[in-house]
Amino acid sequence: MEILATGPLNTVQDLGRFGYRNVGVTTSGAMDPLALRAANILLGNAETAATIEVQTFPFRLRFDRDGAIAITGADCRPVLDGVPLPPWWALPVRAGQVLELTAPVSGARSYLAVAGGIDVPVVLGSRSTALRGDFGGLDGRALQQGDRLAACAAPLPNLPAAGLGVVPPETALAAHFPARDETGALVLRALPSGEHDLFGRDAERFWAQEWKISAQSNRTGYRLSGEPIHPDTPVEMRSHGLVPGVVQVPPAGEPIIQMSDANTAGGYPKIAGVIEIDLWRLGQARIGSRIRLERSDVATAIAAEKAVEAWLSDIRHTAAMVTDALAGMAGRQGRSEHED
């Protein structure tokens with residue numbers, strides 16, 4: 001496929017690079033791993049297959065060969081050769097067709113998966129782009145107009161000509177994720193972290209107040225704007241390991257939530273950690289969005305994770321059932337033609 005139009009920061013991403021944080025290598029990977037996994041399942045790919053993460057629009061490409069694609073994540077109003085496609089949809093594509101994604105109706109990032117996965121070199125066990133390290137993905141950089149990407153060799157899935165879709169997780173899993181609060185702020189569950197109690201009464205205000213995702217936010221971390229919070233007494237700490245979801249509080253008092261390109265270590269006190277299963281929702285929050293952190297517990301996090309895995313399992317079952325049925329029909333038709 002050839003990239004015909006793109007904005008900055010659109011990259012190749014998979015589920016991330018694990019096992020190297022001890023030597024300062026960030027995980028990277030999709031900001032919405034749930035969307036990436038679902039897209040790959042629809043195509044029969046390994047769930048870890050590389051996709052294109054699109055966060056600046058418009059994004060347009062042309063397919064040079066027949067294949068199959070899936071588009072998940074933010075509803076970016078996809079159009080294939082002028083024909084609108086539903087969100088969270090997989091379908092066959094033909095050589096010469098042009099796909100265009102435009103600014104999302106809601107959400108922040110879309111994921112374009114291709115049958116077989118995007119074929120870029122594996123670096124330290126992952127095809128994800130590490131922009132801060134200039135490695136992984138396509139030459140360690142964001143995609144540019146004129147770039148060409150290939151798919152890994154794989155049999156094409158048997159998809160209906162019109163395509164196959166799934167119910168998005170925000171709808172299918174609504175009962176397992178907090179609704180927006182009465183002001184419309186996105187509610188995210190979190191657990192108190194190591195230095196939580198050092199913040200005294202400010203810790204309670206951290207949970208109670210509404211925060212805004214600052215323009216000083218990116219794949220490394222989301223800085224939250226609001227009334228600053230501070231420890232009761234100044235604290236100096238040695239640097240400690242960090243993972244996505246950790247909420248640090250620098251001296252200025254505006255929290256930072258570590259994201260997919262999270263720093264591997266840092267010395268700011270930690271007040272909370274967003275539960276891992278809620279991070280995909282945060283990855284779909286736009287700059288300027290209002291959020292509120294809700295104090296949660298491990299049991300709630302485990303229950304939500306089980307619900308997500310059940311939803312993914314249902315997609316696997318449905319996709320396999322449809323592709324097997326179509327393969328069977330094709331086989332019967334082939335035998336009939338041979339007998340004739």
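Two strands count as paired if DSSP finds at least two bridges between them. Keep that in mind for the strands below, and bear in mind too that this is a predicted model.

**Strands around E20**

Strand E12 (residues 186–192) and strand E20 are joined by 5 bridges and run parallel. Within this pairing, Leu-188 stands opposite Leu-293 in E20. Strand E13 also joins E20, here through 2 bridges and in an antiparallel direction. In that case Trp-211 faces Ile-291 of E20 as its opposite number.

**Two nonpolar cores**

Some of these residues turn up again in the interior. The largest nonpolar core has 58 residues, and Phe-206, Ile-257, Ile-271, Leu-282, Ile-291 and Leu-293 are those with the most contacts inside it. Helix H5 (residues 298–339) gives the most to this core, contributing 9 residues. If you would like one residue to click on, try Phe-206: leaving aside residues up to four places away in sequence, Phe-206 touches Trp-211, Ile-229, Val-247, Pro-255, Ile-271, Ala-272 and Leu-293. Another core, of 25 residues, lies apart from the largest one, and its members include Ala-50, Ile-71, Leu-85 and Leu-101.

**An open sheet and a helix across it**

Now for a sheet elsewhere in the chain. Here 6 strands form an open sheet, in the order E2-E3-E10-E5-E8-E11, with antiparallel pairing. At the edges are strand E2 (11–13) and strand E11 (164–165), each of which pairs on one side only. Inside the order, strand E5 (residues 67–73) is joined to strand E8 (residues 89–93) by 5 bridges, the two running antiparallel. Ala-70 stands opposite Ala-90 in E8. As a reminder for reading such strands, side chains in a regular strand alternate between the two faces of the sheet. Helix H1 (residues 33–43) lies across E2, E3, E5, E8, E10 and E11, and runs at about 155° to E5.

**Salt bridges**

The structure holds 19 salt bridges. Three of them are set out here.

| Pair | Closest N to O distance | Separation in sequence |
|---|---|---|
| Glu-2 and Arg-62 | 2.9 Å | 60 residues |
| Arg-295 and Glu-204 | 3.9 Å | 91 residues |
| Asp-261 and Arg-219 | 3.1 Å | 42 residues |

Let us take the pairs one by one. Glu-2 sits in strand E1 (residues 2–5) and Arg-62 in strand E4 (residues 59–62), so their salt bridge ties together parts that are 60 residues apart in sequence. Glu-2 has 18% relative accessibility and therefore counts as buried, the cut-off being under 20%. Arg-62, at 30% relative accessibility, counts as partly exposed. These two also belong to a network of salt bridges that links Glu-2, Arg-62, Asp-64 and Arg-148.

The pair of Arg-295 and Glu-204 connects distant parts of the chain, with Arg-295 in strand E20 (residues 290–295) and Glu-204 in helix H3 (residues 201–208). Arg-295 is partly exposed, with a relative accessible area of 48%. Glu-204 is partly exposed as well, its relative accessible area being 48%.

In the pair of Asp-261 and Arg-219, the partners come from loops: Asp-261 from the one between strand E17 (256–258) and strand E18 (265–266), and Arg-219 from the one between strand E13 (211–213) and strand E14 (221–225). Asp-261 and Arg-219 are both buried.

**Cysteines**

A search of the whole structure finds 0 disulfides. Cys-76 counts as buried because its relative accessibility is 1%. Cys-152 also counts as buried, at 17% relative accessibility.

**Backbone details to look at**

Most residues other than glycine have a negative phi, and most peptide bonds are trans. Against that background, a few spots are worth a look. A cis peptide bond, with omega of about 0°, joins Phe-57 and Pro-58. Pro-58 is in the loop between E3 and E4.

Leu-9 is not a glycine, yet has a positive phi of about 75°. Leu-9 is located in the loop between E1 and E2, and at 41% relative accessibility Leu-9 counts as partly exposed. Asp-81 likewise has a positive phi, near 50°. You will find Asp-81 in the loop between strand E6 (79–80) and strand E7 (83–84). With a relative accessible area of 43%, Asp-81 is partly exposed.

Technical notes: Residues numbered from 1 in each chain as written. Predicted model: local features only at pLDDT ≥ 70, side-chain atom pairs only at ≥ 80, totals over all residues. Heavy atoms only, no water. Core = buried A, V, L, I, M, F, W, Y, C linked by side-chain atoms within 4.5 Å. Buried < 20%, exposed > 50% of the residue type's maximum accessible area, 1.4 Å probe, protein only. Helix = DSSP H or I, 4+ residues; strand = E, 2+ residues; numbered from the N terminus. Contact = heavy atoms within 4.5 Å. Axes fitted to C-alpha atoms, helices over the stretch in contact; angles between N-to-C directions. Salt bridge = Lys/Arg side-chain N within 4 Å of Asp/Glu carboxyl O. Disulfide = S-S within 2.5 Å.
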